[in-house]
Amino acid sequence: AAFNNKISTDLLDTSGTGQIRTYQYGGGALDQVYSSGSAYSPGVNVPYNIAARHGDTFINAAVDGTVLTANTTPTSLPDLSSTPLELATTGGGMHIKEFAIWSEDIGDAGIGKVTT
């Protein structure tokens, strides 16, 4: 994806053990939401449940049923219409048990529910 058009969720280990970062680049701006620095413990076969919402005026995420505080500063949604979907592009040994995209906004309550 082009630098200015991207949506991603990462499991970080540099700024905090097991921190989740959800972000988007749209209209030349970076908008992001972070979980606590210790959302997940390091290790092998550590299960995690995450979900994200992206819109032209918001970005939010949920981690194991806890909805994070939304970032309401975005002014545009990245144009990904000609960008291929990529899952688990770095790291090894990942196993995705379930992945879903909704055709409508399920709201913060919805992303909280799907991560429980």
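**Exercise 1. Which residue in β5 does His54 stand opposite? Place this pair in its hairpin, and describe how β5 is covered.**

*Solution.* The model examined here is a predicted one, and every step below is read from that model.

Step 1. Begin with the pair itself: His54 stands opposite Ile59, a residue of β5.

Step 2. Next, widen the view to the two strands. Strand β4, residues 50-54, is joined to β5 by five bridges, and the two strands run antiparallel. Together β4 and β5 form a hairpin, with four residues between them.

Step 3. Then turn to the cover of β5. Five of its five residues are buried, and the strand is described accordingly as mostly covered. Ile59, Ala61 and Val63 point one way from β5, whereas Asn60 and Ala62 point the other way, and all are buried.

**Exercise 2. Follow β5 into its pairing with β6, and characterise the residue of the connecting loop that has a positive phi.**

*Solution.* Step 1. Establish the pairing: two bridges join β5 to β6, and these strands run antiparallel. One residue pair can be named, since the bridge partner of Val63 in β6 is Thr66.

Step 2. Locate the loop. Asp64 lies between β5 (59-63) and β6 (66-67), in a hairpin that has two residues between the strands.

Step 3. Examine the backbone of Asp64, where phi is near 50°, a positive value in a residue other than glycine.

Step 4. Decide how far Asp64 is covered. Its relative accessibility is 36%, so Asp64 counts as partly exposed, a class that runs from 20% to 50%.

**Exercise 3. Describe the open sheet of three strands, and explain why β1 and β3 are its edges.**

*Solution.* Step 1. Write down the order, which is β1-β2-β3, with antiparallel pairing.

Step 2. Count partners for the outer strands. β1 (6-12) and β3 (29-34) each have a single partner strand, so one side of each is left without a neighbour in the sheet.

Step 3. Add the geometry: from one strand to the next, the twist averages 20°.

Step 4. Look at one pairing in detail. Seven bridges join β1 to β2, the strand of residues 19-26, and the two run antiparallel. Within this pairing, Thr9 has Thr22 of β2 as its bridge partner.

**Exercise 4. Is Thr22 buried or exposed, and what surrounds this residue?**

*Solution.* Step 1. Thr22 has its place in strand β2, and at 1% relative accessibility this residue counts as buried.

Step 2. Consider the side chains. That of Thr22 makes a polar contact with the side chain of Thr9, at 3.2 Å, and Thr9 is also the residue that has Thr22 as its bridge partner.

Step 3. List the wider surroundings. Leaving out residues up to four places away in sequence, Thr22 touches Ser8, Thr9, Asp31, Gln32, Val33, Ala52, His54, Ile59, Asn60 and Ala61. This list includes His54 and Ile59, the two residues that stand opposite each other in Exercise 1.

**Exercise 5. How are the rings of Tyr23 and Tyr25 arranged?**

*Solution.* Step 1. The count of aromatic pairs comes to two. In the pair of Tyr23 and Tyr25, the ring centres are 5.7 Å apart and the planes stand at 75°, so the pair is edge-to-face, a class that requires planes over 60 degrees apart.

Step 2. Check the cover of the two residues: both Tyr23 and Tyr25 are buried.

**Exercise 6. Place Asp108 in the overall fold, and name its contacts distant in sequence.**

*Solution.* Step 1. Start with the inventory, which comes to one helix and six strands, following the pattern β-β-β-β-β-β-α along the sequence. Asp108 has its place in helix α1, residues 107-114.

Step 2. With a relative accessible area of 27%, Asp108 is partly exposed.

Step 3. Apart from neighbours within four places in sequence, Asp108 is in contact with Arg53, Asn60 and Val67. Asp108 and Ala70 are 38 residues apart in sequence, with a C-alpha to C-alpha distance of 8.6 Å.

Step 4. Finish with the whole protein. Among contacts between residues at least 6 apart in sequence, 43% join residues at least 24 apart. Of the 116 residues, 29% count as buried, and the accessible surface comes to about 7600 Å², of which 50% belongs to carbon and sulfur atoms.

How values were computed
Residues are numbered from 1 along each chain as its sequence is written. This is a predicted model: local features need pLDDT of at least 70, side-chain atom pairs count only at pLDDT 80 or more; totals for chains, interfaces and linings use all residues. Side-chain values use heavy atoms; hydrogens and water are left out. Two strands pair if DSSP finds at least two bridges between them. Axes are lines fitted to C-alpha atoms, for helices over the stretch in contact, and angles run from 0 to 180 degrees between N-to-C directions. Rings of Phe, Tyr and Trp (its six-membered ring) pair if their centres lie within 6.5 Å; planes under 30 degrees apart count as stacked, over 60 as edge-to-face and the rest as tilted. Buried means under 20% relative accessible area, exposed over 50%, partly exposed in between (1.4 Å probe, protein chains only). Contact means heavy atoms within 4.5 Å. Accessible areas come from the Shrake-Rupley method with a 1.4 Å probe; for residues, only the protein chains shown count as cover. A polar contact is a pair of N or O atoms within 3.5 Å; within protein, one must be able to donate a hydrogen and the other to accept it, and residues adjacent in sequence count only if both atoms are side-chain atoms.
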